[in-house]
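Here are my notes to read alongside the model. Have it open while you go through them, and stop at each point to find the residues on screen.

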Amino acid sequence: MISFLLSPLGRVLGALAVAASLFGLSWLHGYQRGAATERTAILTKIERQNNAAGNSAVSARSTYDKCIDGGGVWDFGAGKCRWP
């Protein structure tokens, strides 16, 4: 096994495995950051619409619906949308 890893073919395959691992990890990190940015944008939009609405009871219900539709979890104690 060690002789294969020290051979030219083993080195090439090892380098490809390391490169594929680094590529996969960087892609996953970027995907997660993009999802977090999208959640933040949705929350900001919901808060702006909530502030623009005059009636707090109607706007709270509307915010609750938007939170649930966006995939969030409504925190009734704080009156805010939380992301899991």
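1. Start with the nonpolar patch. Helix α2 gives it 4 residues, the largest share. The full membership is Met1, Phe4, Leu5, Leu9, Val12, Leu13 and Leu16, and together they make a surface patch of about 730 Å². Two elements give two or more residues each: α1, covering 2-6, and α2, covering 8-52.

2. Pick out one member of that patch, leucine 5. It sits in helix α1. Is leucine 5 buried or exposed? Neither label fits: leucine 5 counts as partly exposed because its relative accessibility is 46%, and that category lies between under 20% (buried) and over 50% (exposed).

3. A word on trust before going further. This is a predicted model, so keep the confidence scores in mind. The chain has a mean pLDDT of 81, with 87% of its residues at 70 or more. Where is confidence lowest in the chain? That would be helix α3, residues 56-69, with a mean of 70, while α2 has the highest, at 88.

4. Now the overall layout. You should be able to find 3 helices and 2 strands. Reading from the N terminus, the order is α-α-α-β-β.

5. How much of the chain is tucked away? Of the 84 residues, 11% are buried. The accessible surface is about 6600 Å², and carbon and sulfur atoms own 64% of that. As for contacts with a separation of 6 or more, 11% of them join residues 24 or more positions apart.

6. For a look at residues separated in sequence, try glutamate 47 and lysine 80. They are 33 residues apart along the chain, and their C-alpha atoms are 9.2 Å apart in space. Glutamate 47 belongs to helix α2. With a relative accessible area of 49%, glutamate 47 is partly exposed, since the exposed class needs over 50%.

7. Last, the charges. Side chains of opposite charge can pair when their charged atoms come close. How many salt bridges does a search of the whole structure find? The count is 1. The partners are aspartate 75 and arginine 82, whose closest N and O atoms are 3.5 Å apart. That qualifies because the cut-off for a salt bridge is within 4 Å. Both ends are partly exposed: aspartate 75 has a relative accessibility of 27%, and arginine 82 has 41%.

Methods
Residues numbered from 1 in each chain as written. Predicted model: local features only at pLDDT ≥ 70, side-chain atom pairs only at ≥ 80, totals over all residues. Heavy atoms only, no water. Patch = residues over 30% accessible without salt bridge, like charges linked within 9 Å, V, L, I, M, F, W, Y side chains within 5 Å. Areas by Shrake-Rupley, 256 points an atom, 1.4 Å probe, with all protein chains shown as cover. Salt bridge = Lys/Arg side-chain N within 4 Å of Asp/Glu carboxyl O. Buried < 20%, exposed > 50% of the residue type's maximum accessible area, 1.4 Å probe, protein only. pLDDT = per-residue confidence, 0-100. Contact = heavy atoms within 4.5 Å.
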